[in-house]
Amino acid sequence: MSTYGPALGAGEGGGVTGIVLVGVALVLVAAFVFSAAAKRVRQPAVMGEIVAGIALGPSLLGLLPSDLPGLLFPPEARPYLEVLAQLGLVLFMFGVGYQLSLSHVRGVGRRIALVSFGSVALPFALGAALAVLLYPWLDRSELRTQGVLGPALFLGVAMSITAFPVLARIIIERGLQKHRVGAMALVSAAIQDVIAWTVLAAVVTVVSVSGLWSFGRTVGGAVAFGLVLVLLVRPALAWLLDPRRRWAGNGPAVHVVLCSGLLASAWVTHEIGLHAVFGAFMFGAVAPRHLIDATAPEVPERIDQTSLLLLPVFFMVTGLSVDLAGLGPQGFVMVLACVAVACVGKFVGAMGAARLTGSTARESTVLGILLNARGLTELVVLNVGLSLGALDSRLFTAMVVMALVTTLMTGPLLSRFPIDAEPVPAPVRRPVEQAGKDAAR
C-alpha cells in the first residue's frame with residue numbers, strides 16, 4: 001500500500017479523509033473563537049489561536065469523558081494533520097525570512113547591540129543551567145540525545161527567543177512605535193532573530209548527528225546549500241523577477257516560483273539533517289524582496305494568508321503533546337522554574353544592558369517587558385526540540401506554558417509602566433516602518 005493510500009482511497013481511507021476534514025474545520029472554528037476572545041482582552045490574536053490548540057488537546061478537552069481528543073483526532077488521522085501543520089509552519093518560516101532585513105543589524109549603535117547581546121546571552125546561560133538541574137527529572141525513554149548536552153542547548157535557545165512578529169503587533173497596538181524604546185525593542189528583536197536562528201541551526205546540527213562523518217555531512221551540506229542560495233538562487237530569482245522581463249508582474253508565475261522554491265529548500269535542509277523550517281527560512285531570506293514587492297507584492301501576502309490558515313493546525317498538533325493535567329508535582333515545579341528563569345533572563349539581560357548604556361529606569365523596564373514576549377516563535381523552537389528528542393513531553397509542556405505566560409503578561413505589565421512620548425531617532429526609523437507589515441502576522 002502506498003504512503004498516501006489511506007487518505008485517497010475508499011472505505012477506511014475515505015473515513016480517514018473525512019476525519020481529517022472535520023478535524024481541520026473544528027480547529028479553524030476554535031481558533032477563530034479564541035482569537036476573537038484574545039482581541040477583546042487586548043492580546044494578540046495568535047495567542048488565542050495557541051490557547052485554542054492547547055484546549056483541543058488533553059489539557060482541557062481530554063479532561064472530559066470519552067477521550068474526546070482521541071475521538072476527534074484519532075491516531076490514524078494524526079500523520080495527515082501533522083503534514084498540514086508542517087506545511088503551515090514552513091510557509092510561516094518563509095515569511096519570517098522574507099521580512100528579515102539585515103539592515104536592522106547595521107549601524108544600530110552600541111546601546112542596541114549590547115541590549116541584543118545581553119537579552120540573548122543571559123537567558124541562554126540560565127536556560128542551559130536550568131536544563132542541567134532538571135535533567136534528573138526528565139524521562140530518558142523520551143530522549144533521543146545522549147547526556148545533558150541536547151536538553152541544555154535547546155533550553156538555552158528557547159529561553160533566549162523573542163517573538164518578533166508578536167512583539168511588533170504589541171508595539172503597534174500600544175502606539176510604542178512613536179517612542180524610542182519601541183524602536184529599540186524592534187531592532188533588538190530583529191538582531192536576536194538573526195542570532196537565535198543561527199544558533200538553533202548549530203544546536204540542531206550538534207544534537208542530531210551521530211559521529212564525525214554525520215556531523216561533517218550536515219555542516220558541509222548546510223554551508224553548501226547556503227552558498228547555493230546566495231550565489232545561484234538569489235541571482236536567478238533576481239533575473240526572473242526583473243521588471244524588464246516581459247513576464248514581470250505575472251502574479252501566478254511568481255507564486256509558483258516562490259512556493260516551489262521554499263518547499264524544495266525545506267526538503268533539502270530536512271534531507272541534510274536540519275529541520276525543514278531552516279530551508280524555508282533561508283529561501284525567504286535570500287528572496288529579492290525589493291523586486292517581488294515591485295512586481296508582485298500580492299504574492300508574499302497570499303503565502304502569508306495560507307500559512308495563517310494552516311497554523312491553527314500546527315497549534316492543535318502542538319496542543320496534543322501538551323498535557324497540563326499530567327505534569328504532577330515535579331512538572332509544576334518545572335513550570336515555575338521555566339517561567340522564573342525566562343523572566344529573570346530577559347528582564348535582567350535587557351534592563352541591565354540598557355541601564356549600562358544610558359537608558360532611564362522606566363525605558364529599561366519597558367524594554368525588558370517587551371523583549372520577554374515569546375509567542376509563536378518559541379513554539380517553533382520547542383517543536384524542533386521535541387521532534388529531535390532533546391526535550392521530553394513534560395519539559396515541553398512546561399516551556400509551552402512559559403511561552404504563553406511571558407507573552408500574555410506583556411500587555412498588563414506595559415499598562416503599569418506607561419512612558420512619555422518621545423520622537424524616534426532617525427537611525428532606527430526603518431525597522432519601525434517595517435513593523436507595520438510584520439504586525440499583521
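**Close-up views of a predicted helical model**

**View 1. Helix α7 has the span expected for its twelve residues.** Helix α7 covers residues 149-160. At 1.5 Å a residue, it should span 16 Å, and its end C-alpha atoms are 17 Å apart, so the two values agree. The model shown here and in every other view is predicted. Helix α7 is mostly covered, with eleven of its twelve residues buried. These are G150, P151, A152, L153, F154, L155, G156, V157, A158, M159 and S160. L149 belongs to a nonpolar patch on the surface, which is the subject of View 5.

**View 2. The whole chain is built with helices and without strands.** The protein chain has 20 helices and zero strands. It holds 441 residues, and 54% of them are buried. Consider the contacts between residues at least 6 apart in sequence: 83% of these join residues at least 24 apart. The accessible surface comes to about 18,800 Å². Carbon and sulfur atoms account for 68% of that surface.

**View 3. Helix α3 is largely enclosed by the rest of the structure.** This helix runs over residues 45-55. Ten of its eleven residues are buried, which is why it counts as largely enclosed. The buried set is A45, V46, M47, G48, E49, I50, A52, G53, I54 and A55. E49, one of these buried residues, pairs with A37 in the next view.

**View 4. A37 and E49 are 9.9 Å apart in space.** That distance runs from C-alpha to C-alpha. In sequence, the two residues are twelve residues apart. A37 lies in helix α2, which covers residues 12-40. Is A37 buried or partly exposed? Its relative accessible area is 42%, so A37 is partly exposed. E49, by contrast, is among the buried residues of helix α3.

**View 5. A nonpolar patch lies on the surface.** Its members are L149, V206, F215, V219, V223, L227, V228, V230, L231 and L232. Together they have about 850 Å² of accessible area. Which helix gives the largest share of the patch? Helix α10, residues 212-240, supplies eight residues. F215 has its place in helix α10. Its relative accessibility is 35%, so F215 counts as partly exposed.

**View 6. T205 is in contact with two members of the patch, F215 and V219.** T205 is found in helix α9, residues 180-208. At 7% relative accessibility, T205 counts as buried, because buried means under 20%. Neighbours within four places in sequence are left aside here. Beyond them, T205 is in contact with F215, T218, V219 and L274.

**View 7. L311 and F92 are 219 residues apart along the chain.** Their C-alpha atoms are separated by 7.9 Å. L311 lies in helix α14, which covers residues 298-320. With a relative accessible area of 3%, L311 is buried. Which residues is L311 in contact with, leaving aside its neighbours within four places in sequence? They are G88, L89, F92 and L376.

**View 8. C338 and C343 are both buried.** C338 has 0% relative accessibility, so it counts as buried. C343 also counts as buried, at 10% relative accessibility. How many disulfides does a search of the whole structure find? The search finds zero.

Notes
Residues are numbered from 1 along each chain as its sequence is written. This is a predicted model: local features need pLDDT of at least 70, side-chain atom pairs count only at pLDDT 80 or more; totals for chains, interfaces and linings use all residues. Side-chain values use heavy atoms; hydrogens and water are left out. Helices (H or I, at least four residues) and strands (E, at least two) are DSSP runs, numbered from the N terminus. Buried means under 20% relative accessible area, exposed over 50%, partly exposed in between (1.4 Å probe, protein chains only). Contact means heavy atoms within 4.5 Å. Accessible areas come from the Shrake-Rupley method with a 1.4 Å probe; for residues, only the protein chains shown count as cover. Patches are made of residues with over 30% relative accessible area and no salt bridge: like charges are joined within 9 Å, nonpolar side chains (Val, Leu, Ile, Met, Phe, Trp, Tyr) within 5 Å. A salt bridge is a side-chain nitrogen of Lys or Arg within 4 Å of a carboxyl oxygen of Asp or Glu. A disulfide is a pair of cysteine sulfur atoms within 2.5 Å. The expected span of a helix is 1.5 Å times one less than its number of residues.
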